[in-house]
Structures are given as C-alpha cells and as structure tokens.
Amino acid sequence: QVQLVESGGGLVQAGGSLRLSCAASGRTFSIIGMGWFRQAPGKEREFVAAISWSGGNTAYADSVKGRFTISRDNAKNTVNLQMNSLKPEDTAVYYCGTDPDTTQLIDRPQRVHYWGQGTQVTVSS
C-alpha cells in the first residue's frame, strides 16, 4: 500500500514558476519510480515527467522539455517538479503516480497503480 500526497499548486502569471512536491508513505522501503501527470477539464490525463529512484533516469513530455525539471529526495520519500516559464496551457490538475512493483519509468498513465489526490495549477494570461 502506497499513499501519495501532492502539494505546491496555485495561481501564477504566465512566465512564472511553481514547485510541486509529492510525498510518499506506506510501502516505501524500496526505491521506486515516480511520474507526474496532468489533466485539464475535458481532456485525458497526460504524461508530464518521470524519474527513477535508482539510476537517475528521467523522461519528459515534449510540451514541457526545457521548462520543467523533475527531482527526488529519497531520504524524505519525496519527488518534486520545478515548473518554470509557465504558460496558460499548463493549467491543469497535476497528479503524481507510481507502481512499486516495477522498475520501469512511470511515463504513461497505464503504468500507474497508485495516484495522489492532485493539486491545481492555474496559469493566467
């Protein structure tokens, strides 16, 4: 059993920055991969970024490359998403997700077994 809690969302002007955090609890005795996803109203949940908790591998959606950075602090069981140069089209609910039973990058919603509750990010024009 894994519990995930996102935080750090809010309202920001275009061009601004936000830092999201995902805190994991429960089944965290092993290093697991983590992914960030987002879902806008009327849209499907889409991949944003992923990181492995061993090996330092990362992946990003084309839409956020060069603007977002995913990082981890395994000692604190947290994964972060630094979002810079935000655009109105980044507006969405952002979710973190994981599957503790796989070592693959969590780079698509189909690979997520546990989801957080989401945190709202709103970027104004």
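Leaving aside its neighbours within four places in sequence, which residues is Thr-98 in contact with? In this predicted model, the list takes in Val-2, Leu-4, Ile-32, Gly-33, Met-34, Ile-106, Val-112, His-113 and Tyr-114. Thr-98 itself sits in strand β9, which covers residues 92–98. With a relative accessible area of 0%, Thr-98 is buried. One of the residues on the contact list, Gly-33, also offers a polar partner: its backbone oxygen is 2.5 Å from a polar atom of the Thr-98 side chain.

Another threonine can be looked at in much the same way. Thr-119 belongs to strand β11, residues 119–124. Its relative accessibility is 11%, and buried means under 20%, so Thr-119 counts as buried. Here the polar partner is a backbone nitrogen, that of Gly-9, which lies 3.1 Å from a polar atom of the Thr-119 side chain. Not counting residues up to four places away in sequence, Thr-119 touches Glu-6, Ser-7, Gly-8, Gly-9, Leu-20, Ala-92, Val-93 and Tyr-94.

Next comes the sheet. Four strands make up an open sheet, lined up as β1-β3-β8-β7, and the pairing is antiparallel. Strands β1 (2–7) and β7 take the edges, and each has a single partner strand, so one side of each has no neighbour in the sheet. From one strand to the next, the twist averages 15 degrees. What holds strands together in a sheet? Strands pair through backbone hydrogen bonds, and they can do so in a parallel or an antiparallel way.

Zooming in on the pairs, strand β3 (residues 18–26) runs antiparallel to β8, and six bridges join them. Ala-23, for instance, has Thr-78 in β8 as its bridge partner. The pairing of β7 with β8 is antiparallel too, again over six bridges, and in it Phe-68 stands opposite Met-83 of β8. The hairpin made by β7 and β8 has four residues between the strands, and Asn-77 in this hairpin takes a positive phi near 55 degrees.

Then there are the charged side chains. How many salt bridges does the structure hold? The count is six. One of them brings Arg-67 together with Asp-90, with 2.7 Å between the closest N and O atoms. This pair ties together distant parts of the chain: Arg-67 is in the loop between β6 (58–60) and β7 (68–73), while Asp-90 is in the loop between β8 (78–83) and β9, and the two are 23 residues apart. Are these two partners buried or exposed? Arg-67 counts as buried at 10% relative accessibility, and Asp-90 counts as buried at 1%. The pair is also part of a wider set, as Arg-38, Glu-46, Arg-67 and Asp-90 are linked in a network of salt bridges.

Other salt bridges have their own settings. Lys-65 and Asp-62 meet through their side chains, at 3.0 Å from N to O. Asp-62 has a relative accessibility of 64%, and exposed means over 50%, so this residue counts as exposed. Arg-111 bonds with Asp-107 in a further salt bridge, where the closest N and O atoms are 2.7 Å apart. Both of these residues count as partly exposed, Arg-111 at 24% relative accessibility and Asp-107 at 21%.

Technical notes. Residues numbered from 1 in each chain as written. Predicted model: local features only at pLDDT ≥ 70, side-chain atom pairs only at ≥ 80, totals over all residues. Heavy atoms only, no water. Buried < 20%, exposed > 50% of the residue type's maximum accessible area, 1.4 Å probe, protein only. Polar contact = N/O pair within 3.5 Å; in protein donor to acceptor, adjacent residues only side chain to side chain. Contact = heavy atoms within 4.5 Å. Salt bridge = Lys/Arg side-chain N within 4 Å of Asp/Glu carboxyl O. Pairing = 2+ DSSP bridges. Axes fitted to C-alpha atoms, helices over the stretch in contact; angles between N-to-C directions.
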